[in-house]
Amino acid sequence: MAASLFPPNLENKILLVYLEQEQGQLEGVSLELLAKGRELVDQMNQFESSSKWKVSGLLLGDQVEGLATLAIACGADEIHLAEHPLLQNFTIEAYSRAAFQVVMETRAGVFLLGATPDGRDLAGRLAVRLRTGLNADCTGLEMEAENGILVSEISGFGGGVLAMIQMQQHRPQMATVRPGVFSALDPDPHRTGKVIQIEVDLTPEMVHTRLVERSVGHGVDLRKVPVLVAGGRGMHGDFDTLRKLAQQLGGEVGATRPPVDEGHIERERQIGQTGVVCSPRIAICCGISGAFHFVVGIEKAGNVIAINSDPQASIFESADYCVLGDVHQLIPALIAELEKQGWSASSSDEGRGIADREAAYA
Amino acid sequence: MPELCSVVCVKVVPKPEEVRVDPQTRLLDRLNARSEINPPDMNALEMALGLKDRYGGTINLLSMGPVSFEPYLRVGLAMGCDHIYLLSDRAFAGADTLATTYTLAQAIHKLGGADLVFCGEESSDGATGQVPSGLAEWLGIAQLTLLIEIDADTEHGLARGRREIKGGYEILEVPLPCVVSVKTAANEPRFMDYRIKDWAFEPLAAGRPGRVTIWSAGDLDADPQCIGLNGSPTWVSALAQAPSRDRKHIFIEGSSAEIAVQLVKLIQDNL
């Protein structure tokens, strides 16, 4: 087998996390990876007190040093920071070059990235450049304390089967991790760490990708919403009703794949294996059959309410509260009852708008 | 304007809606599922065909797998592709991302390269989505990923693509050649052209130049240490059942209004 650029016996005990940033904000998945990295490294060091694994962040950009403080507060021991005008926007050429340099200088044993569009592009390039393996879109990570082997969990297609993937002879052990599977730590301002400045040699000729136009919205992050109202094929495209319900409950609307493919709702609201994995306190599943691809996306929900007219629908196997009936009657009835009890869609109204409820949590 | 030479990489997968999970073993029953071209790859194929409609040129379909995949790939010919290259050899089997991208890159080299190499966003069976950029790295060329639209300018050697990201969009431009990954459902793949269907499904015959070429490992200038299981650093160390969460399965009954009252109470109690 062809070897990676550096072998296991030359690795350093560094778990490197790619800190993805956009306009001065760290991506949520990067903070989640710092938290998981912290946990894994603490376990390793506890198992063998002479072991000195550390969590390092890889931060690339232009004038982004301020983010290093947040990354340290969220679990990093040190930050490798490369700042350069050509790193202001993500281009695969500049970012892969800078990241490659840091990986080779640190000889990190483990390198984790978020499975975001840019994270996937970067990981795919770097794994080939480093001649190492890549575990993609992982839903779990563990490290074997005795040998530092990373074991990545990947959910197999369609079925309820999980595959554990690892590699022995190649370094770094790379993985991209799906956003939302781990939880970030609350920032601890007392945590300390050092920032290591990296000089990167980039020239405009190296960058082949030209950004012609860009307009980025805020998007929606379904991973952390308190209430998820999800619709499937059984909604027959009627997402307006679900939006109203979601608004009353202070939640957001999600969907299975078919309504997304049919254009009834934005792709960023797709829940499940190839979409978002979310952890609402309540998930209300409307007209959803309950295929495994979808169900993995609500596995972490506190309580699941399912409404479906088919008594055989497998969604009921994944629900706490099951309602056998027509969504087109039941959802309007639910909306009416909420209104009657003072749950107003516009939170500033009198009564028990969600803003008041959220204030009560704070 | 010079004509475009495109390669579309496709994978043949079992139809997801026909793959059943055994409720006892929770294992996949693939045997009774029919196969198809991975749906995201059909979007890649359609994007390539759209450029061919506009600018002419040739499209080669490239796939890896057993010879039995050939009939599924011929759908591509009937849609307007020019030739199929199927990489079929036991030595290719068991390939992970590194070995797969290497093998595809060697095949593209053997084809003499391409202006555009199209891939689907991900495969419906693996959904890893890491092949396009790995392939671009082996080929040493630029990439445009997750595109919903593309235009090419062979005169100036440029490709320009639009992608939807983070609640917005961006338009990127790269020099040709480049690898393009296409967002799932970016377009509506065309139907087969029935005027060329007979031609597309004409069986392979000895002594006649066919539209399907099957290459074994020996046909590629490939390092045996870099292909298949041999060339794959990662391995599956364990398979486990996905833990299913215990849910309460309480059925709520009554009229719509009565159910609504109960649901509101449940929501209040659990929020």
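This is a guided tour of a predicted model with chains A and B, moving from the domains of chain A to the contact between the chains.

**Stop 1: the two domains of chain A**

Begin by colouring chain A in two parts, with domain 1 covering residues 8-206 and domain 2 covering residues 222-361. The centres of domain 1 and domain 2 of chain A, taken over C-alpha atoms, are separated by 34 Å. Where the domains meet, eight residues of domain 1 of chain A are in contact with eight residues of domain 2 of chain A, and the domain 1 side of that contact consists of two nonpolar, five polar and one charged residues.

**Stop 2: the seven-stranded sheet of chain A**

Next select the open sheet of seven strands in chain A, whose order is 7-11-6-1-4-5-12, with parallel pairing. Its edge strands are strand 7 and strand 12 (194-197) of chain A, each of which pairs on one side only, and the twist from one strand to the next averages 25°. At the strand 12 edge, strand 5 (residues 78-83) of chain A pairs with strand 12 of chain A in the parallel sense over four bridges, and A:His80 has A:Ile196 as its bridge partner in strand 12.

Now move to strand 11 (residues 173-177) of chain A, where five of the five residues are buried, so the strand is largely enclosed by the rest of the structure. Its two faces can be inspected separately, since A:Gln173, A:Ala175 and A:Val177 are buried on one side and A:Met174 and A:Thr176 are buried on the other. Strand 6 (residues 108-114) of chain A runs parallel to strand 11 of chain A and is joined to it by five bridges, with A:Val110 partnered by A:Gln173. Strand 7 (residues 134-138) of chain A is likewise parallel to strand 11 of chain A, through three bridges, and here A:Cys138 is partnered by A:Val177.

To see a helix packed on this sheet, add helix 1 (residues 28-47) of chain A, which lies across strand 1 (12-19), strand 4 (54-61), strand 6 and strand 11 of chain A and runs at about 165° to strand 1 of chain A.

**Stop 3: a sheet that takes in both chains**

Which strands make up the open sheet of six strands with parallel pairing? Select them in the order 15(A)-14(A)-16(A)-17(A)-18(A)-15(B). The edge strands are strand 15 (252-255) of chain A and strand 15 of chain B, each pairing on one side only, while neighbouring strands of this sheet are turned by 20° against each other on average, direction ignored.

At the chain A edge, four bridges join strand 14 (residues 227-231) to strand 15 of chain A, the two running parallel, and A:Leu228 stands opposite A:Glu252. At the chain B edge, strand 18 (residues 321-324) of chain A runs parallel to strand 15 of chain B and is joined to it by three bridges; centre the view on A:Cys322, which stands opposite B:Phe251. Helix 5 (residues 239-248) of chain A lies across strand 14, strand 15 and strand 16 (282-286) of chain A, running at about 170° to strand 14 of chain A.

**Stop 4: the wider contact between the chains**

Widen the selection to the whole interface, in which 74 residues of chain B are in contact with 79 residues of chain A. The elements of chain B that give two or more residues to this side include helix 3 (97-110), strand 9 (142-153) and strand 15 (250-252), and helix 6 of chain B provides the largest share, ten residues. By class, the chain B side has 39 nonpolar, 23 polar and twelve charged residues.

**Stop 5: the nonpolar core**

The largest nonpolar core has 186 residues, and those with the most contacts inside it are A:Ala71, A:Cys285, A:Cys286, B:Val8 and B:Phe118. Both domain 1 and domain 2 of chain A give residues to this core, so it lies between them. Around A:Cys285, leaving aside neighbours within four places in sequence, display its contacts A:Ala230, A:Val304, A:Ile305, A:Ala306, A:Ile315 and A:Ala319.

**Stop 6: chain B and an exposed loop position**

Finish with chain B, which has six helices and 15 strands, and in which buried residues make up 44% of the 271 residues. Is B:Gly218, in the loop between strand 13 (212-215) and strand 14 of chain B, buried or exposed? B:Gly218 is exposed, because 10 other C-beta atoms lie within 10 Å. The C-alpha atoms of B:Gly218 and B:Ala91 are separated by 9.6 Å, although the two residues are 127 residues apart along the chain.

Technical notes. Residues numbered from 1 in each chain as written. Chains lettered and ligands numbered in written order. Predicted model: local features only at pLDDT ≥ 70, side-chain atom pairs only at ≥ 80, totals over all residues. Domains from an automatic or database assignment. Contact = placed C-beta atoms within 7 Å. Nonpolar A, V, L, I, M, F, W, Y, C, P; charged D, E, K, R; others polar. Pairing = 2+ DSSP bridges. Axes fitted to C-alpha atoms, helices over the stretch in contact; angles between N-to-C directions. Buried ≥ 20, exposed ≤ 12 C-beta atoms within 10 Å, placed from the backbone. Core = buried A, V, L, I, M, F, W, Y, C linked by C-beta atoms within 7 Å.
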